[in-house]
Amino acid sequence: MDWITDHVFKPYPELLIFLTIAIGFLVGKIRYKAIGLGAVTGCLVAGLFTGWVTDVSVNGTVKSVFFIMFLFALGYKVGPQFFRGLKKDGLPQVTVAVVVCVTGLLVCWGFAEMLGYGPGLGAGLLGGALTQSAVIGVAQDAIGNIQGLSPDQITAQQNLVPVAYAVTYPLGTILCAVLLANVAPRLLRSNLAEDSKALAVELDAPEADPDLAEGYYEVVLRAFTVAGNGLVGRTIDDIEAQQYEQGRRIYLTRVRRDGEILDHTQQTVIQQGDVVAVSALRHDLVEFDAVRQIGPESDDAGLLSYQTEHLHVVVSNKEHLGKTVAQVRREPFMVGVFIDKVYRSGAEFPYRLSTELERGDTLVLTGPKRLVDPATAALGKPVPTSFATDMIWVGLGIFLGGCIGIPSLTAGGVPISLSTSGGALIMGLVFGWIRGRYPTYGNVPPGAQWFMDTFGLCAFVGIVGINAGPSFSSGLSQAGWGLLVWGAVATVIPLIVGLLVGHFVFKIRTPILMGVVAGSQTTTAAIGAINEEAKSQIPTLGYTIPYAAGNVLLTIWGAIIVALLG
């Protein structure tokens with residue numbers, strides 16, 4: 001091992017980083033049901049181990065690059081939901097998130113003062129108990145700015161942050177998931193599965209209906225030869241209108257007559273022997289019983305092989321803003337066009353027929369290209385599909401964020417500033433909000449977001465672990481195993497306070513409330529466990545806005561608790 005360390009890892013520490021990430025992602029796959037360590041914790045544990053074994057240090061600039069990239073991506077991802085949550089309809093959820101986050105800060109600060117923890121252990125306790133990994137980097141940056149500490153003292157305190165985080169995070173994640181998925185609903189006398197099902201019906205979103213809830217339904221395209229009398233002598237418009245009145249969305253999109261494909265118009269009269277292409281929702285076509293109503297099915301490749309389109313469209317035309325999905329579907333330009341999904345504020349939105357469209361909503365339209373294009377023009381603007389990241393947007397955002405984070409104020413002799421990382425988070429929120437409002441600008445595709453967000457954070461915590469590894473044993477001895485107990489208490493108290501405020505003050509329904517509290521504490525494993533217990537995605541409706549607010553507040557708390565304890 002000494003030979004590998006001396007000849008590979010010390011002269012080429014970048015290789016140790018990637019080995020640590022590989023081990024970390026492998027460790028992160030360890031799961032029990034919906035609860036797992038996750039890649040971030042896995043990389044931290046792997047970093048602590050490889051750092052302890054090799055005694056190698058990694059340049060701080062490399063660590064900072066990954067962290068500032070992660071924070072910009074985090075802000076970019078949650079920015080639209082964060083600002084949308086400040087509107088009236090999101091205020092109760094945002095208020096609960098603020099209550100949970102503030103309670104968590106006060107509890108962790110109180111425990112740190114009571115137990116005599118310094119800023120390192122206090123910040124690590126906060127990050128682990130409230131399951132917010134970004135606290136590590138923000139707190140370490142803040143510790144580096146404390147005046148009156150020697151370089152060795154600063155390094156020692158910085159290394160204690162990941163130690164305390166590693167001790168408290170796994171139990172914090174498990175407690176949050178178990179409490180919200182299993183314990184809290186019973187204490188509130190709620191059957192999570194039954195209440196979620198009832199709430200779905202009240203929201204006009206029964207999950208058994210594929211046209212509602214998550215907005216997913218399957219569009220099928222089939223060909224039939226007209227043999228019966230039900231369609232003969234009637235126009236396409238008349239046939240489709242009759243089916244719509246019966247609650248079915250069935251469209252005749254093409255007609256072949258005497259071997260020739262006709263130019264499509266709504267006034268085409270169907271004749272005996274015509275072969276018609278039928279586009280419909282699968283369950284509508286089954287209910288219609290097309291073989292009996294129209295005639296035998298035909299495998300007409302030429303009729304069915306016309307060009308279709310799956311297009312993202314930003315709603316921007318004023319005449320359609322405020323209309324419900326049901327009203328838009330009745331528009332003439334939507335004949336033969338289906339709404340596959342709806343994205344709002346950059347995230348998939350579980351829409352209902354009663355959902356009102358807002359400026360900036362993105363609809364995924366599916367249908368024949370000749371029909372989708374006019375529908376797109378009527379609703380707004382298409383979003384071109386591109387896998388290229390707008391690096392002007394990303395680079396400028398990180399640079400501007402870093403610049404606004406440099407200036408600092410002095411309070412009690414302690415310099416307080418956003419820091420370059422905090423500035424990147426704020427600018428990510430702003431740029432993400434702009435992207436949510438105007439999706440044709442600043443493209444950062446999901447793959448690039450994942451790399452900056454997940455890989456950036458995992459690489460950062462991996463490097464943090466490598467640098468802290470040699471001092472892990474002494475740091476854990478200094479903290480004591482009592483840290484595990486106090487971390488568990490610091491996890492549970494904010495959750496209980498959030499549940500009480502949400503249930504008794506804002507009267508939030510239990511399935512939604514579980515999502516709200518899970519989002520407030522940014523615990524992804526918890527929302528997975530809640531949805532699994534609820535047998536529904538309904539709790540996710542309460543998760544998005546608090547998750548955005550919690551990410552921002554808990555990240556900022558990393559600097560605040562250092563100022564309080566410094």
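In the predicted model, helix 5, spanning residues 91-115, and helix 21, spanning residues 510-520, approach one another so that their axes come within 9 Å and cross at roughly 45°. Since an angle of 35 degrees or more, but below 65, falls in the oblique class, helix 5 and helix 21 are therefore oblique to each other. Their crossing is right-handed. On the side of helix 5, the contact is made by Gln93, Val96, Ala97, Val100 and Cys101; on the side of helix 21, Ile512, Val516 and Ser520 take part.

Aromatic side chains form a further set of contacts, with 13 aromatic pairs in the structure. One of these joins Phe25 and Trp450, whose ring centres are 6.5 Å apart and whose planes stand at 50°. The pair is classed as tilted because this angle is neither under 30 degrees nor over 60. Phe25 belongs to helix 2 (residues 13-28), whereas Trp450 belongs to helix 18 (residues 446-468). The pair therefore ties together parts that are 425 residues apart in sequence. Phe25 has a relative accessibility of 24% and counts as partly exposed. Trp450 is likewise partly exposed, with a relative accessible area of 45%; both values lie between the limits of 20% and 50% that bound this class. In addition, Phe18, Phe66, Phe451 and Phe455 form one aromatic cluster.

With regard to the cysteines, the count of disulfides comes to zero, a disulfide being a pair of cysteine sulfur atoms within 2.5 Å. Cys108 is buried, at 0% relative accessibility. Cys176 is also buried, with a relative accessibility of 0%.

Backbone geometry was examined at two loop residues. Thr131 is not a glycine, yet its phi is positive, at about 50°. Thr131 is located in the loop that connects helix 6 (119-129) with helix 7 (134-144). With a relative accessible area of 5%, Thr131 is buried, because this value is under 20%. Arg189, which is not a glycine either, has a positive phi of about 55°. Arg189 is placed in the loop between helix 8 (151-187) and helix 9 (192-202). The relative accessible area of Arg189 is 81%, which means that Arg189 is exposed, the limit for that class being over 50%. Thus a positive phi is found at a buried residue, Thr131, and at an exposed residue, Arg189.

Definitions and conventions. Residues numbered from 1 in each chain as written. Predicted model: local features only at pLDDT ≥ 70, side-chain atom pairs only at ≥ 80, totals over all residues. Heavy atoms only, no water. Phe/Tyr/Trp six-rings, centres within 6.5 Å; stacked < 30°, edge-to-face > 60°. Helix = DSSP H or I, 4+ residues; strand = E, 2+ residues; numbered from the N terminus. Buried < 20%, exposed > 50% of the residue type's maximum accessible area, 1.4 Å probe, protein only. Axes fitted to C-alpha atoms, helices over the stretch in contact; angles between N-to-C directions. Parallel < 35°, antiparallel > 145°, perpendicular 65-115°, else oblique. Left-handed = near helix turned anticlockwise from the far one by under 90°. Contact = heavy atoms within 4.5 Å.
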